[in-house]
Amino acid sequence: MPDIYTIQPRSKANSQSAKDDSTLKCIPNIIPCRIHHDGPIDSLDRHWTVKDEKDSTQTTHFRGRKLRGRRVALPEGYQGVVATPTDRVLPATQRADSDDAEDAETEPEEPVKVMEMQGTFDEFVVWGHEVLPAADDTFVKGVEEWLQFADAMHTTPTSATNGNKESAAA
């Protein structure tokens, strides 16, 4: 069975400063390489200088390779979250129905693991070697298809009695 997660705000102990109550706004970059480092670097400009092009794309060089980037905006009403896993687990909830708790055939609840929100984003950039990633790029298409699936899952069908073609979000 897959793990179950909840996303919670960053704990005070993990914040950079006491006044860091707001969530960091960022623009994630999906680059076509593997980097074996996941922390901050001293001089970002030395390693990552992005040039905005006239056609709303971006260009940069990373380790001697030219990269072209396509910005992908999330639709209105959606927000991306950058989260990191923790060792914490949400406390088990008490079952409301005591008869179910006594039933020998019920399975114990799966633990809900806590992830801490590090930042949020409204857009991200997908990069390709030398060429701009196509509209059917795996990441671009995957986000679009996931959002369509989420909309379908959280939309109620229209009522046959009202004849209204609008749908209400759940």
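In which sense do strand 6 and strand 9 pair, and over how many bridges? Select both strands in this predicted model: they pair in the antiparallel sense, over 7 bridges. Within strand 9, W127 is the residue that stands opposite G69.

**The open sheet**

Widen the selection to the sheet of 5 strands, which is open and has the order 3-9-6-5-4, with mixed pairing. Its edges are strand 3 (29–30) and strand 4 (51–52), each of which pairs on one side only. Strands of a sheet pair through backbone hydrogen bonds, in either the parallel or the antiparallel sense. Strand 3 pairs with strand 9 (residues 123–129) in the parallel sense, over 2 bridges. To find this pairing, display N29, whose bridge partner in strand 9 is V125.

Next, colour strand 9 by accessibility. Of its 7 residues, 5 are buried, and the strand is thus mostly covered.

**Helix 3**

Now select helix 3 (residues 138–153), which packs on the sheet and touches strand 3, strand 6 (65–73) and strand 9. The direction of helix 3 makes about 150° with that of strand 9. The helix has 16 residues, and from its first C-alpha to its last it reaches 22 Å, close to the 22 Å expected at 1.5 Å a residue.

Show the side chains of V140, L147 and A150, which are buried in helix 3. Turn the view to look down the helix axis: the buried residues fall within an arc of 100°, so they line one face of the helix. An α-helix has 3.6 residues a turn, so residues three or four places apart point the same way. Strand 6 and strand 9 are among the elements that cover the buried residues of helix 3. On the other side of the helix, select T138, W146, Q148, A152 and M153, which are exposed.

Before leaving the helix, move to its N-terminal end, which is capped by D137. A side-chain oxygen of D137 lies 2.9 Å from the backbone nitrogen of F139.

**Strand 8 and its partners**

Which strands should be displayed with strand 8 (residues 112–121)? Three pairings can be followed in turn, with strand 1, strand 2 and strand 7.

- Strand 1 (residues 4–9) pairs with strand 8 in the parallel sense, over 6 bridges. Select T6 to find its bridge partner in strand 8, V114.
- Strand 2 (residues 24–25) is also parallel to strand 8, and 2 bridges join the pair. Here L24 has G119 of strand 8 as its bridge partner.
- Strand 7 (residues 80–89) runs antiparallel to strand 8, and the two are joined by 7 bridges. One position to display is V81, whose bridge partner in strand 8 is T120.

With these strands in view, consider strand 8 by itself: 7 of its 10 residues are buried, so the strand is largely enclosed by the rest of the structure.

**The loop between strand 6 and strand 7**

For the last stop, select E76, in the loop between strand 6 and strand 7. Is E76 buried or exposed? Its relative accessibility is 81%, and because exposed means over 50%, E76 counts as exposed. Finally, add D122 to the selection and display the distance between the two C-alpha atoms: E76 and D122 are 8.8 Å apart in space, although 46 residues apart in sequence.

Note on methods:
Residues numbered from 1 in each chain as written. Predicted model: local features only at pLDDT ≥ 70, side-chain atom pairs only at ≥ 80, totals over all residues. Heavy atoms only, no water. Pairing = 2+ DSSP bridges. Helix = DSSP H or I, 4+ residues; strand = E, 2+ residues; numbered from the N terminus. Contact = heavy atoms within 4.5 Å. Axes fitted to C-alpha atoms, helices over the stretch in contact; angles between N-to-C directions. Expected span 1.5 Å × (residues − 1). Buried < 20%, exposed > 50% of the residue type's maximum accessible area, 1.4 Å probe, protein only. Arc of directions from axis to C-beta. Polar contact = N/O pair within 3.5 Å; in protein donor to acceptor, adjacent residues only side chain to side chain.
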